[in-house]
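Q: I'm new to this structure and would love a close look at a single part of it. Could you walk me through one stretch and then show me how it compares with the rest of the chain?

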Amino acid sequence: MIPPSRDPLDVQRTGTHFQIIIVPVNTAFLERAIELAVENARAGGGPFGAVIVRDGKILAEGVNMVISTNDPTAHAEVTAIRNASRVLGAFHMPGCEIYSSCEPCPMCLGAIYWAHLDRVYFGATQREASQSEFDDSHIYEQIALPPESRLIPMIHVASGARALAPFRVWMERENRIRY
Ligand SMILES: [Zn+2]
């Protein structure tokens, strides 16, 4: 019998056994992310907010700015990551966690991995968001398809020496900054 968990993230499967890890979830941070989302929606923006937390304190916040900036990538999580990177003066954020009012879309999930955030907490699920005109399930489905089968055509044009030229320059740089 598996003991009930406070949070699905607490349960990690290792081999054939379940390991219960108690993660202290600070609901105040998620509450702040939801508050930001509500305020943003009231002001005519997308109904999403996110906060990035380090050492129990809010390091940066972000709201969806797609409409206000005409930037389709300005999701709350991306905005929060951009703001946190300015505060930290760094592009990696180990020791930081993100609280999002909604389950991250594939783009934000990618950004979260690139930022090396430690953990993601979220409010509304992807399925719940889809009931309010925000459905990103098709993007998840597209990722799983071979490139040539996707709705937006992806055409492999070049390989070999020409396509690898940028990587050659990169690999030849002795003091390249890895990210
Ligand atoms: Zn997103």
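A: Let's start with Leu151, which is exposed because just 10 other C-beta atoms lie within 10 Å (exposed means 12 or fewer other C-beta atoms within 10 Å of a residue's own, buried means 20 or more, and partly exposed is in between, with C-beta atoms placed from the backbone). This is a predicted model, where local features need pLDDT of at least 70 and side-chain atom pairs count only at pLDDT 80 or more, while totals for chains, interfaces and linings use all residues. Residues are numbered from 1 along each chain as its sequence is written.

Leu151 sits in the loop between α6 (137-144) and α7; helices (H or I, at least four residues) and strands (E, at least two) are DSSP runs, numbered from the N terminus. From Leu151 to His138 is 13 residues in sequence and 9.7 Å in space, C-alpha to C-alpha.

After the loop comes α7, residues 160-172. Its 13 residues should span 18 Å at 1.5 Å a residue, and the end C-alpha atoms are 17 Å apart, which agrees; the expected span is 1.5 Å times one less than the number of residues. α7 has a kink of about 45 degrees centred on Pro166, the bend being the angle between axes fitted to the seven residues ending there and the seven starting there. α7 is hardly covered, with zero buried residues among its 13.

For the wider picture, the chain has seven helices and six strands, and 25% of its 179 residues count as buried.
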